[in-house]
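Got the viewer open? Let's walk through this one together, selection by selection.

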There are 2 protein chains.
Amino acid sequence: MTAAIFGLGLIGGSFALSLRDYGLADRIVGVEPSDENALKALELGLVDEVVDFDTALNADLIVLATPVDVTPVLATKILNRTRSGQVIMDMGSIKEELCEVIEQHPARGRFVATHPMWGTEFSGPTAAQHGAFTGRTTVVCDSEKSDPDALAKVREIYATIGSPVIYMNAAEQDMHTAYISHISHITSFALALTVLEKEREEEHIFDLAGGGFESTVRLAKSSPQTWLPIFTGNKYNVLDVLREHIHQLQILRRMLERDDKEGLLAAMQKANTIKRILP
Amino acid sequence: MTAAIFGLGLIGGSFALSLRDYGLADRIVGVEPSDENALKALELGLVDEVVDFDTALNADLIVLATPVDVTPVLATKILNRTRSGQVIMDMGSIKEELCEVIEQHPARGRFVATHPMWGTEFSGPTAAQHGAFTGRTTVVCDSEKSDPDALAKVREIYATIGSPVIYMNAAEQDMHTAYISHISHITSFALALTVLEKEREEEHIFDLAGGGFESTVRLAKSSPQTWLPIFTGNKYNVLDVLREHIHQLQILRRMLERDDKEGLLAAMQKANTIKRILP
């Protein structure tokens, strides 16, 4: 199988490594608008060649690992020219707009919308990791709209990589992802801003940064170019979860203000039950 | 040197391991109110013996790794009976009340108030780790109130363990720690509550929990028994940082609501500058 990967950043680069490590592709080419990233991807051996749009369309598998605001139009242009037997998939964090844009396309069946639940705060080809998706769940959206052979091919790829697949419609996936991923990034950005704000008056605040801080704030290092289109593309879900999160913080703040120790204890004990879903 | 450690949990247990690993104590005894934890600490070899209060007072070094609401009175009782040459130190996350309570004690000089910036979301003796404090900063508070020999002994211990020491007064340390540690825990508890709230309507929300979620929410597994007295004991600093954090979240939320992409981008780029203080 030959594969063409659009976008050789954290996700596209890591997927290229997985395809190669698991012997899933004989030849991998990439399409990458940044010359610097293209050169780096070649140096790192993520792809065999960086090619233009037309050349990439010859691949058996086309993978879109592009910013989510680019994907719907790009997917449409590729579907316009897809050939028999070709499979096109994306790996983006949100799906509603994408699935709506390609919904009525005559070649819709060749497309499989996927979201592997993996990422780091780093970006670009140097951030690519071996074994990135192994052990992580992948969401496949609106799978009934994909041709059975295209879906089977993508399922086989994720199964080989060791990523269990679950199915959802695009609207469900975007809501769930807002709660599980997008809010973590927003709170981390806000936490960094909170501390940076205080640093304007307090010179030495960072001398203390310990493990807990690092863990909750590390996502604030994430790429704004990646995350701005995710937040705006998933606007109403992100607004919902942000409202709920601010509400929870205000409840905790009011309990502390009123010395309501029983309330705080009960809230923390309830929060502790998150243990059952974390390793 | 002989050492007595009050509280054989995450911090006290880890400190016992460090004292032993670095050859700093010939004999380590512990005082632990929970029979279960005492037994576990002995099984794990954290201490040579679990002893009563009076016996513990024979040690050369007395270490308080107790919940922060217990420490001020316990410290006073121990100072009441301290003998020449003995050093008493604590390892708690907040210091203002402790330092105020012992301020006028005739034996104040024997006490060294320390806060090593390390912890995990786990608690109890089984959570103790080798090398816990190595490479982490330790804050020493109101060091001018400690006798030079007592301060030198504690500095030597942290130097041997590999924990750089910085100095602050108790009020500064409590404010800084609210921004660097306490807020991370509160937001993590709130984030867990946000998602648990949503889970009441959405059965499969946790199928997706990926790396970013785990990282920002892991502190929500922390012990309420440890953190309730920290939050209430550092009430006004925690209320301040919570107000600022909620404010930052509201700014981001309003920008998203108004499709203010430039504003969101600028905020995320500013948050990115947190890179300079994270590894």
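Before you pick anything, one working rule: two residues are in contact if their C-beta atoms, placed from the backbone, lie within 7 Å. Keep in mind, too, that this is a predicted model.

Start inside chain A. Select α7(A), residues 170–199, and α10(A), residues 235–257. Their axes are 9 Å apart, and the helices pack at an angle of about 60°. That angle falls outside the roughly parallel, antiparallel and perpendicular ranges, so α7(A) and α10(A) are oblique to each other. Look at the handedness as well: the crossing of α7(A) over α10(A) is right-handed.

Now show side chains. On α7(A), light up Asp174(A), Met175(A), Ala178(A), Tyr179(A), His182(A), Ile183(A), Ile186(A) and Thr187(A); they meet Asn237(A), Val238(A), Val241(A), Leu242(A) and His245(A) on α10(A). Color that set by class and you get eight nonpolar, four polar and one charged.

Next, bring in chain B. A turn of 180° with a shift of 0.0 Å along the axis lays chain B on chain A, with an RMSD of 0.0 Å. That is why you can call the relation a two-fold axis. To find the axis from chain B, go to Thr216(B): its C-alpha comes closest, at 2.2 Å.

Last stop, the interface. Select the 81 residues of chain B in contact with 80 residues of chain A. Which helix of chain B gives the largest share of this side? Click on α7(B), which supplies 21 residues. By class, the chain B side has 43 nonpolar, 22 polar and 16 charged residues.

Methods
Residues are numbered from 1 along each chain as its sequence is written. Chains are lettered from A and ligands numbered from 1 in the order in which they are written. This is a predicted model: local features need pLDDT of at least 70, side-chain atom pairs count only at pLDDT 80 or more; totals for chains, interfaces and linings use all residues. Copies are superposed by least squares on the C-alpha atoms of residues with pLDDT of at least 70 in both. Helices (H or I, at least four residues) and strands (E, at least two) are DSSP runs, numbered from the N terminus. Ala, Val, Leu, Ile, Met, Phe, Trp, Tyr, Cys and Pro count as nonpolar, Asp, Glu, Lys and Arg as charged, and the others, Gly among them, as polar. Axes are lines fitted to C-alpha atoms, for helices over the stretch in contact, and angles run from 0 to 180 degrees between N-to-C directions. Angles under 35 degrees count as roughly parallel, over 145 as roughly antiparallel, 65 to 115 as roughly perpendicular and the rest as oblique. A crossing is left-handed if the near helix is turned anticlockwise from the far one by less than a right angle, and right-handed if clockwise.
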